[in-house]
Amino acid sequence: MFERVDIERIINYQKQSKNGYWPCLYSNCNARAINSHIVQRNRYLKLIATDDNKVFVHETNFFKDPLTVFKQRGINQVLSFPGFCEKHDDTIFSSIEKRPIDFKNWRHIHLLCYRTELNERRKKEIVIKMHEFVLSDKKLRGKIDTLHRSSLIEHISGNREGIQDSRKTITDIVGDLNSNFPTCFEHFSLEMPRTGVCICGVFNLETTADQQYRIRLTGKPYDYLSPIFIHLVPINKETDSLTITYEKGKKERVKNYLKHIFGTSQQERLKQLSDLLFLQVENWICSKDFYIKNIKSRENYVVTMIERTMEVWDENAPMEFNVFEN
């Protein structure tokens, strides 16, 4: 469909979009957003970085082949996004920026979820901007066939729907923070042996299969997809903190995650985390040691698994593969 020069044009626009002007996400503030890290890079990300502050991340670009590659990036480039202006970033997040995160403090975890959700929202905005560029650019639009045009339009629509859901999630998180009481979300946390992986992600409780069944049954999609947040953060050289956050009232539906992660052996916990990494969570990085021991020798297989799972409808189905086993 596209020639090499076209792909380079798209990639350059994508880079410009990500690094260009994005307004602060704080209500009624149009100041330029700075590059915000979801978790402190110097306190947490450095724990799994090389001496020159590098980690490994998998990157997916639907306009390149292969779609997915593992790249070594500096900790300034990962788990970050143009979120708030400097003033609001400092004001809102000072309690988890200037001091260590207390993973048993609900306000600290709410703030962590707030940043994670805003990161997802901004990623969707960037994707929409990029796809709209491909559809409208004079040099590109004539090279898109009907099938790919429909796919891009559908992708834009899906991301806009995701932004709508995100607005409700953000409203609920901010509502809890402003009321000084966690009425909408609750958290479960534990400490576990260090993995060499850091996760700051959110996924839907309702699987793709659930959503399709709902449409077939009622003719309508869900009004709102319920978020589940997962944070796996290295807190020292031997230990990670693992936290699952979900909406109050959804505990019964989330019990499988809680059972397999909090009420089981370390081996089973890592298997559940591996499934989540490949089926439901995109936002994760790993140390060089983890990459070499667990990914490098089978990287083609791991990349194939990532790309195949993009088409999976039942994201709760366990995989045979476990990235934590080498």
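Axes are lines fitted to C-alpha atoms, and angles between them run from 0 to 180 degrees between N-to-C directions. The model described here is predicted. In it, helix α9 (residues 288–295) lies across β2 (54–60), β3, β6 and β9. The helix runs at about 90 degrees to β9.

These strands belong to an open sheet of 7 strands. The order is β3-β2-β9-β6-β7-β8-β5, and the pairing is antiparallel. β3 (68–74) and β5 (185–193) form the edges. Each of them pairs on one side only. Neighbouring strands are turned against each other by 20 degrees on average, direction ignored. At the β5 edge, 9 bridges join this strand to β8 (residues 239–247), and the two run antiparallel. One bridge pairs L190 with L242 of β8.

Helix α8 also packs on the sheet. It touches β5, β6 (197–204), β7 (227–234), β8 and β9 (284–286). The direction of α8 makes about 120 degrees with that of β5.

A further partner of α8 is helix α7 (residues 251–262). The two axes come within 7 Å and cross at roughly 135 degrees. α7 is therefore oblique to α8. On the α7 side, the contact is made by Y257, H260, I261 and F262. On the α8 side, E268, R269, Q272, L273 and L276 take part. By class, the contact has 5 nonpolar, 2 polar and 2 charged residues.

The largest nonpolar core has 38 residues. Those with the most contacts inside it are I230, L273, F278 and I295. Helix α8 (residues 266–279) supplies the largest share of this core, 6 residues. A second, separate core has 37 residues, including V57, F185, V233 and I285. Within α8, L273 was examined further. Leaving aside neighbours within four places in sequence, L273 is in contact with M192, I230, L232, L242, I261 and F324. L242 in this list is also the bridge partner of L190, and I261 belongs to the α7 side of the helix contact.

Two loop residues have positive phi values. For L79, phi is near 50 degrees, although the residue is not a glycine. L79 lies in the loop between β3 and β4 (80–82). Its relative accessible area is 7%, so L79 is buried. N180, likewise not a glycine, has a phi of about 60 degrees. N180 is found between α5 (146–179) and β5, in the connecting loop. With a relative accessible area of 53%, N180 is exposed.

Methods
Residues are numbered from 1 along each chain as its sequence is written. This is a predicted model: local features need pLDDT of at least 70, side-chain atom pairs count only at pLDDT 80 or more; totals for chains, interfaces and linings use all residues. Side-chain values use heavy atoms; hydrogens and water are left out. A nonpolar core is a set of buried Ala, Val, Leu, Ile, Met, Phe, Trp, Tyr and Cys residues joined through side-chain atoms within 4.5 Å. Buried means under 20% relative accessible area, exposed over 50%, partly exposed in between (1.4 Å probe, protein chains only). Helices (H or I, at least four residues) and strands (E, at least two) are DSSP runs, numbered from the N terminus. Contact means heavy atoms within 4.5 Å. Angles under 35 degrees count as roughly parallel, over 145 as roughly antiparallel, 65 to 115 as roughly perpendicular and the rest as oblique. Ala, Val, Leu, Ile, Met, Phe, Trp, Tyr, Cys and Pro count as nonpolar, Asp, Glu, Lys and Arg as charged, and the others, Gly among them, as polar. Two strands pair if DSSP finds at least two bridges between them.
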